[in-house]
Amino acid sequence: MAVAAATARALMKKLSPFHFSHKLPPKSTVLRRTSASFSTLDSRPKCTQQKRKQKPKRSNLADSLVKRRTRSDKVLDEEVFSKHYGNVNSAHVPVMLGEVLDVFASVPLSSFVDCTLGAAGHSSEIIQVHPEMKLFVGLDVDPTAHEIAKSRIEGILHRDLCDGTSDLQVHTFVKNYKNIKSVLSDFEGKLLGPGVKGILMDLGMSSMQVNNAERGFSVLSNGPLDMRMNPQASLKAEDILNSWPDAEVGKVLREYGEESNWYHLQNKIVEARLYGGLHSTAELVNLIRSSTSKTRGGRQGWIKTATRVFQALRIAVNDELNTLQDSIYACFDCLSPGGRLAVISFHSLEDRIVKQTFLNIINSGVGDDDKGGKGDLSLSADTTVNNGEKEAWIKQTIGGVMGTILTKRPVTPSEKEEALNPRSRSAKLRVIQKA
């Protein structure tokens, strides 16, 4: 060892242009440090080392997720929830029902519009807790959902009329929410006043749509590749998969599904056209399953990929994202001063549009006619927003020229609701109030 150390010192002096004034540590020190280092590493299993390295990453991820949202602390009314969820004939479980009721609780809701009526889960409860309501307007592009909602609301009205307690006018339409201005133009004047007091947009699909295999929305049920919200529309998912140019198919998967494996899937879909194309959800699912590497999460991996692909196709078929932004501007313009618009989104693309559009609105000077203007924004933790009342559900607001965003961070379902209704997990609620 002494000879080796001397040789090493001589070699280092030759190679370095500088004079080494310090000396190597004594032999015993080198051996002691080296042996200690190796003994420490050898005595700790590799899996333990990896876990210790991963801990900070998991912690940082958890912290960032908490910062991006505000989990609802609303106590779930299990009696009301079970009325919707426990009934085998229930077509849809309204997501974050208690939170939506809180949003409009302090608003004198003389008029209300549900832009996505569904099975009227939210609206039926809102109508019952707001006896001051004089005008209710419901829109849904799905005629099946419209009929279910209409029947449900008529049942509530019939009961109230028998009690002699309601003079509410109800109007429902088989229309897309992008038509809200033209629909409300028929009610201008005495009933509507300067605008609507409350508007709700629930962007999720109802259970009756997902569970109906013939609609083509479900990854787990075989049916035609349809995916039209409006059965009268011409474009189907089958048309996109079998007829659209290769690059357009890839763009749908990449931008609307945020699928990392989009190029490989695009090629597989185009290749399937040589053998007759894709005509059922089962055929598409089998293609995705065979095209997804087992190293990408096994069964869970291909299911997640299939979910993203189905989401992408549904968005493209119904032109959901382009319609959403314009509709939010239109809804805000229809609000009266102090009126509120609440939007529940279910995936990051929707939530991003809602968030940015809200910011554009309060930052502009005219709303629908000026989408890019700039104004003064102010962040506030004060929950005194409407009629001088403090509202516990509001944590932080962003104020602007045209209004106030009441949810700086989106409100997400309580842990109890997520446990009872797993489909609510990805829901995000954002609310804006007109100045």
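## Second largest pocket and nonpolar cores

The second largest pocket has a volume of about 670 Å³. The model is predicted. In total, 38 residues line this pocket. Nearest its centre lie T116, V141, N176, Y177 and M229.

By class, the lining of the second largest pocket splits as follows.

| Class | Residues in the lining |
|---|---|
| Nonpolar | 16 residues |
| Polar | 12 residues |
| Charged | 10 residues |

Which elements each supply at least two residues of this lining? They are α6 (121-129), β5 (196-202), α9 (207-210), α14 (298-318) and α15 (320-334). The largest share, 4 residues, comes from α15.

Now the nonpolar cores. The largest nonpolar core has 37 residues. Within this core, I180, L184, I199, M201 and L341 have the most contacts. At least two residues each come from β3 (135-139), α8 (180-184), β5, α15, β6 (335-345) and α16 (348-363). The element that gives the most is α15, with 8 residues. Thus α15 appears in both settings: it supplies 4 residues of the pocket lining and 8 residues of the core. β5 also supplies at least two residues to the pocket lining and at least two to the core.

L341 shows how the contacts run. Neighbours within four places in sequence are left aside here. L341 then contacts I199 and M201, along with I328, C331, F332 and L335. Its further contacts are F358, R430, V431 and I432. Apart from the largest core lies another core, of 30 residues. Among its members are V107, I127, A342 and W393. In soluble globular proteins, nonpolar side chains tend to be buried together.

Terms used. Residues are numbered from 1 along each chain as its sequence is written. This is a predicted model: local features need pLDDT of at least 70, side-chain atom pairs count only at pLDDT 80 or more; totals for chains, interfaces and linings use all residues. Side-chain values use heavy atoms; hydrogens and water are left out. On a 1 Å grid over the protein atoms alone, a cavity is a set of points where a 1.4 Å probe fits but cannot get out, and a pocket is an open set with protein on both sides within 12 Å along at least five of seven lines; lining residues have an atom within 4 Å of a point. Grid points are joined across faces, edges and corners, and a volume is the space filled by probe spheres set on the points. Ala, Val, Leu, Ile, Met, Phe, Trp, Tyr, Cys and Pro count as nonpolar, Asp, Glu, Lys and Arg as charged, and the others, Gly among them, as polar. A nonpolar core is a set of buried Ala, Val, Leu, Ile, Met, Phe, Trp, Tyr and Cys residues joined through side-chain atoms within 4.5 Å. Buried means under 20% relative accessible area, exposed over 50%, partly exposed in between (1.4 Å probe, protein chains only). Contact means heavy atoms within 4.5 Å.
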